[in-house]
Amino acid sequence: MTANILTAKQIAEGIRNSLKNKRGNFPKITLASCVMGDNEAVRSYCASQKKWADTLSVEYREIVMDSNTSEKEAIGIIEDLNNDASVNGIVLHKPFLEGWNEHLLFESVKREKDIEGLNPYNLGELFFGNPLFIPPTVLSVLELLKSISIDLYGKNVVIVGFSNILGKPLSIILADKFATVSITHIGTFEASKLPFYLRNADIIITAVGKPHLIKGQWIKDGAVVIDVGIAKLNNKITGDVEFKEALKHVSCITPVPGGVGALTVAFLFSNLFKAAGMQKR
Ligand code: NAP
């Protein structure tokens, strides 16, 4: 079977061009990006946001909080950004500093500026099929599935990883589209049941961050695999799936890098422009 490797660069460029066309509708657009604790993945995501901001003439404001900042001060900074009419969208980068309450921090982002879709209000509205914003990583996975025109009705979808940014919201959206969704996580892995679920999957979506967690031989022939995971193995960026082995079985697969990651920043900016549009009205 020849596998189709689903790269995202072309889709991302399409989104960038459509945003460029809308840019003239706004005198100014500003993204506030809050870094709360440093790591390589955050630095790389910020660099790519900065690049997108430059090409779209968006003001990029990076706010760095470190161990000298208390959680209370962080919430104060977010409230200032909420009240600053020149700021259209706010991003809070994880991991947060030790002991900080994720729920409290995301809750403090004003709904209309919550371009990551992680405020509990937005996540709650997702249950009703009516979120103001859908998390960019979720939008990226949905767009990749759309790009191969796959009919989700009745398909067995297995999601590996149960995080707020991906597994939880995506499972609701896919079940709303009448896919049969299984959510697997560390409990499934530790019960040695991951291969069982994956063998029955028409579509696998994984976001764990453990290189080669998913063995090629566990994948059903003809399955579609979307790999969101990013981690380093032998100094190389690698996904959750044993890519070379998987190629022998899948009909479509996203590479890492060059797959989902290339789209996430595009959808973050798409949400930013949506926020700017709502605020203008
Ligand atoms: P997270 O919040 O740590 O979630 C990871 C999930 O994986 C958790 O549900 C965890 O279960 C589960 N898990 C851990 N070990 C497992 C195992 N051995 N088998 C099955 N499930 C396991 O992480 P995240 O923020 O969702 O990020 C996950 C990965 O996606 C990371 O590599 C991150 O860099 C990447 N990512 C990529 C993009 C992109 O644009 N491509 C965007 C966001 C994130 P428990 O909670 O039970 O431990």
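Begin at the second largest pocket of this predicted model, which holds about 270 Å³ of space. Select His-212, Lys-236, Ile-237, Thr-238 and Phe-243: of the 13 residues that line this pocket, these are the closest to its centre. Next, colour strand S10 (236-238) and helix H10 (243-246), each of which supplies at least two residues of the lining. Which element gives the largest share of this lining? Strand S10 does, with three residues. Colouring the lining of the second largest pocket by class separates six nonpolar, four polar and three charged residues.

Keep His-212 selected and display its backbone. This residue is found in the loop between strand S7 (203-206) and strand S8 (224-227). The phi angle of His-212 is positive, at about 60°, although the residue is not a glycine. Most residues other than glycine have a negative phi. A second residue for the same check is Ser-57, in the loop between helix H2 and strand S3 (59-65). Ser-57 is not a glycine either, and its phi is positive, near 50°.

**The domains and the largest pocket**

Now select residues 26-111 as domain 1 and residues 136-261 as domain 2, following the domain assignment of the protein. A distance drawn between the C-alpha centres of domain 1 and domain 2 comes to 28 Å. Where does the largest pocket lie with respect to domain 1 and domain 2? Both domains give residues to its lining, so the largest pocket lies between them.

About 1600 Å³ of space lies in this largest pocket. To centre the view on the largest pocket, select Ala-41, Tyr-45, Ile-230, Gly-261 and Thr-264, which lie nearest its centre among the 46 lining residues. The elements that give two or more residues to this lining can then be coloured one by one: helix H1 (9-23), helix H2 (40-55), strand S4 (89-93), helix H6 (136-147), strand S9 (231-233) and helix H11. Helix H2 deserves its own colour, as the source of nine residues, the largest share of the lining of the largest pocket. By class, the lining of the largest pocket divides into 25 nonpolar, twelve polar and nine charged residues.

**The ligand**

Display the ligand and the 20 residues that surround it. The closest of these are Phe-162, Ser-163, Ile-186, Ile-230 and Thr-264. Ile-230 and Thr-264 have already appeared on this tour, among the residues nearest the centre of the largest pocket.

Three polar contacts can be drawn in turn:

- Phe-162: one of its backbone N or O atoms lies 2.8 Å from an oxygen atom of the ligand.
- Ile-230: a polar backbone atom of this residue is 2.8 Å from an oxygen atom of the ligand.
- Lys-210: a polar side-chain atom lies 3.0 Å from a nitrogen atom of the ligand.

With these contacts in view, switch on the surface of the ligand. On its own, the ligand has 930 Å² of accessible area, and the protein covers 71% of that area.

Two helices can then be highlighted around the ligand: helix H8 (186-190) and helix H11 (260-280) each supply at least two residues of the shell. Helix H11 provides the largest share of the shell, three residues. How do the residues of the shell around the ligand divide by class? Eleven are nonpolar, eight are polar and one is charged.

**Two cis peptide bonds**

Finish with the backbone at two prolines. Most peptide bonds are trans. Select Lys-94 and Pro-95, which are joined by a cis peptide bond with omega at about 5°. Pro-95 is found in the loop between strand S4 and helix H4 (102-107). Strand S4 is also one of the elements that line the largest pocket.

Then move to Val-256 and Pro-257, where the peptide bond is cis as well, with omega near 0°. Pro-257 is found in the loop between strand S11 (252-253) and helix H11. The tour thus closes beside helix H11, which supplies three residues to the shell around the ligand.

Methods:
Residues numbered from 1 in each chain as written. Predicted model: local features only at pLDDT ≥ 70, side-chain atom pairs only at ≥ 80, totals over all residues. Heavy atoms only, no water. Near = heavy atom within 4 Å. Polar contact = N/O pair within 3.5 Å; in protein donor to acceptor, adjacent residues only side chain to side chain. Areas by Shrake-Rupley, 256 points an atom, 1.4 Å probe, with all protein chains shown as cover. Helix = DSSP H or I, 4+ residues; strand = E, 2+ residues; numbered from the N terminus. Nonpolar A, V, L, I, M, F, W, Y, C, P; charged D, E, K, R; others polar. 1 Å grid on protein atoms, 1.4 Å probe; cavity = no way out; pocket = protein on both sides within 12 Å on 5 of 7 lines; lining within 4 Å. Points joined across faces, edges and corners; volume = space filled by probe spheres on them. Domains from an automatic or database assignment.
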